[in-house]
Amino acid sequence: FPHGPAPYQITRGIADDLIADLTAEGSLHRRVSMTGTITFQYDEVRLARWIERQVEAAGIQTLLGAVMTAVSFEDRRVRHIEFATRFGVVRVAAHGYVDASGDASLSYEAGLEVREPDAPVYGSLNFLIEGYDTETVKDLVITEVHDRLAERGDQYGLVRHDGFLMHFPGKNIMLANVTHFETPLDPLGSATMVFEGRRQADNVIRFLRAEFPQIFRNAQVRVYGNPGLRQTRWIVGRRQLTLDEIRAGHRPADAAARCAWWVELHNAPDLVHWEKFAPDHVYYIPLNCMVPKDADNIVAAGRCIDADVSALSAVRVMGPCLAMGAA
């Protein structure tokens, strides 16, 4: 949905089925976002199962729990990929490959050129809260939480001074997105990142209990999520999407997806940098930004397409990712 006084849906296809099915079973909550658009809060267990059913219905053969170990690449084409599983090695050969890893893992392992951010782009560990007062939470003003985080957050080991606390009506659970941590690309650093995110989640609970006891006196973490990695490594495409292009909103001949999310750059530990667009502003992702420049049978979808850091911070969210996947 674009931002503006009357947001309308711009991502269709599988998004239509997702919205209809999860709404019908009470697993999706439509909400007017504080950024002036429509967003959906979802039951992550029901969404995951819905996706599994769609994959199965499409006849896709899945290989679960596999880790890519090698890529055979020659003459601009991936010839096969090797995976390690708990029951042995598996080789997969195909005519074409989609890299939806988020980290440009296929291009990287194939030896293709990739990009990494020059400065940290912070990730978040989103988690679910339970045990709060579901009546008094209706009086919660998120800007008051932000003000208190800026004043006292460091006393609780918190570095971020903004974010979201989203109560799911009828579910008695709240999504918390109030953490920030660096996202290293080395194995040990990645492991440490998980625990840092969970420590910050615990600290958010301490903060809420102490600073807003009328709502959160008995609150606790229901589910610790996995780290949300916003930007790590991405492809060098046949072209790069730029901030100026998404500002202009011109539709290129190879437009593959339509987007509207604002620039949401997590380049500082305390605050998110937002760049707002005019009401109803839309822009486009060119197909050539999704195709590595030195490969002929790979396409990327998601947060590892080729865009500059600011543009990528706008197109990496779920609506555009759904559109890229469909494209």
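A charge sits over a ring if NZ of Lys or CZ of Arg is within 6 Å of the ring centre and within 35 degrees of the ring normal. The model used here is predicted.

**Exercise 1. Charges over rings**

Find which ring Arg148 lies over, and which ring the charged end of Lys171 sits over.

*Solution.*
Step 1. Start at Arg148. It lies over the face of Phe212, at 4.6 Å from the ring centre.
Step 2. Go to Lys171. Its charged end sits over the ring of Phe168, 5.9 Å from the centre.
Step 3. Return to Phe212. Ring pairs link Phe212 with Tyr156 and Phe207 into a cluster.

**Exercise 2. An aromatic pair**

Classify the aromatic pair of Phe1 and Phe40, and say which parts of the chain it ties together.

*Solution.*
Step 1. Take the geometry. The ring centres are 6.0 Å apart, with 50° between the planes.
Step 2. Apply the cut-offs. Planes under 30 degrees apart count as stacked and over 60 as edge-to-face; the rest are tilted. The pair of Phe1 and Phe40 is tilted.
Step 3. Locate both residues. Phe1 lies in the segment before α1, and Phe40 in strand β2 (residues 38–42), so the pair ties together parts that are 39 residues apart in sequence.
Step 4. Check exposure. Phe40 is partly exposed, with a relative accessible area of 23%.
Step 5. Widen the view. The structure holds 7 aromatic pairs.

**Exercise 3. One face of a helix**

Work out where the buried residues of α1 lie around the helix, and what covers them.

*Solution.*
Step 1. List them. In helix α1 (residues 14–24), Ala15, Leu18 and Leu22 are the buried residues.
Step 2. Look down the axis. The buried residues fall within an arc of 60°, so they line one face of α1.
Step 3. Find the cover. It includes β1 (28–32), α2 (44–57) and α9 (318–326).
Step 4. Move past the helix. Gly26 follows α1 and has a positive phi, near 75°.

**Exercise 4. An open sheet**

Trace the sheet that contains β10 and explain which strands stand at its edges.

*Solution.*
Step 1. Write the order. The 4 strands run β9-β10-β8-β11, with antiparallel pairing.
Step 2. Find the edges. β9 (164–168) and β11 (220–224) each have a single partner strand, so one side of each has no neighbour in the sheet.
Step 3. Note the twist. It averages 30° from one strand to the next.
Step 4. Count bridges. β9 and β10 are joined by 5, β8 and β10 by 3.
Step 5. Look at Met174 in β10. Ile129 stands opposite it, and it is also the bridge partner of His167.
Step 6. Judge burial. In β10, 4 of the 5 residues are buried, so the strand is largely enclosed by the rest of the structure.

Definitions and conventions: Residues numbered from 1 in each chain as written. Predicted model: local features only at pLDDT ≥ 70, side-chain atom pairs only at ≥ 80, totals over all residues. Heavy atoms only, no water. Buried < 20%, exposed > 50% of the residue type's maximum accessible area, 1.4 Å probe, protein only. Helix = DSSP H or I, 4+ residues; strand = E, 2+ residues; numbered from the N terminus. Arc of directions from axis to C-beta. Contact = heavy atoms within 4.5 Å. Pairing = 2+ DSSP bridges. Axes fitted to C-alpha atoms, helices over the stretch in contact; angles between N-to-C directions. Phe/Tyr/Trp six-rings, centres within 6.5 Å; stacked < 30°, edge-to-face > 60°.
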